[in-house]
Amino acid sequence: MRSKINYQLETDRILAQLPAERTPTLFLHACCAPCSSYVLEYLSQYFEITVFFYNPNISSVEEYSKRVAEIRRLIAEMSFAHPVHIEEGTYDPQVFYEMAKGLEDVPEGGERCFRCYRLRMEEAAKLAKEGGYDYFTTTSSISPLKNAQKINEIGEELAEIYKVPHLTSDFKKKNGYKRSIELSAEYELYRQNYCGCAFSKAEREAQIANA
């Protein structure tokens, strides 16, 4: 049985080895402003970051527009040690629904979610390679509801395929999730109550109705 990895220690190791003579670049897939807040505060100390907002899983264009507007506002209002840019991917929900075929009834946190991680992270890895970035990663591991081990396994697979290093992460550590809640309050960020897809929205609505 594979022993549990402390991904935060792995992150610390990578950050300690970054070159002092220049600021390395990071292509950071982001799902929303609240999840990005702490990650940007933390990682902008070490990297020049391009935030990549690519989320074809989001259930409606209204929800998508709200989330992308919030992350743009956050980046404009926060102060960073090194520059932070934003790049918006293509919003095409059909890409997500094609990926989810046959997995519609799988509960949240299962195989459908793992494929969704990969869908978005793979696009980030491709563009990180094309753009000559030093690293890529995703903000997703900050959520207590996301599987950090699976996220990092996918990241390492993609690093091998696209030949761009994956920045190991478990951003909920070091009180990262708690800090994201504090920053969300400070910047009055819109905090959605579901991950993004129609399936997670329906599951969350059912939980609220049965509470």
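Here are three short exercises on the pockets and a helix pair of this predicted model.

**Exercise 1.** Describe the largest pocket: its volume, its lining and the elements that contribute to the lining.

*Solution.* Start with the space itself: the volume of the largest pocket is about 670 Å³. Next, look at the walls, where 27 residues form the lining, and S143, L145, K146, Y194 and C195 lie nearest the centre. Then turn to the elements: α2 (33–43), α5 (111–131), α7 (176–186) and α8 (198–210) each give two or more residues to this lining. Of these, α8 gives the most, with 4 residues. Finally, sort the lining by class, which yields 12 nonpolar, 8 polar and 7 charged residues.

**Exercise 2.** Find which residues line the second largest pocket, and sort them by class.

*Solution.* The second largest pocket holds about 170 Å³ of space. Its lining consists of K4, I5, N6, Y7, Q8, A148, Q149, D170, K172 and K173. Two or more of the lining residues come from each of α1 (7–16) and α6 (148–162). By class, the lining has 3 nonpolar, 3 polar and 4 charged residues.

**Exercise 3.** Work out how α2 and α7 are oriented where they pack, and name the residues in contact.

*Solution.* First take the geometry: the axes of α2 and α7 are 8 Å apart, at an angle of about 110 degrees. Angles of 65 to 115 degrees count as roughly perpendicular, so α2 is roughly perpendicular to α7. Now list the partners: α2 contributes P34, S37, Y38 and E41, while α7 contributes G176, R179, S180, L183 and S184. Sorting these contact residues gives 3 nonpolar, 4 polar and 2 charged.

Note on methods: Residues numbered from 1 in each chain as written. Predicted model: local features only at pLDDT ≥ 70, side-chain atom pairs only at ≥ 80, totals over all residues. Heavy atoms only, no water. 1 Å grid on protein atoms, 1.4 Å probe; cavity = no way out; pocket = protein on both sides within 12 Å on 5 of 7 lines; lining within 4 Å. Points joined across faces, edges and corners; volume = space filled by probe spheres on them. Nonpolar A, V, L, I, M, F, W, Y, C, P; charged D, E, K, R; others polar. Axes fitted to C-alpha atoms, helices over the stretch in contact; angles between N-to-C directions. Parallel < 35°, antiparallel > 145°, perpendicular 65-115°, else oblique. Contact = heavy atoms within 4.5 Å.
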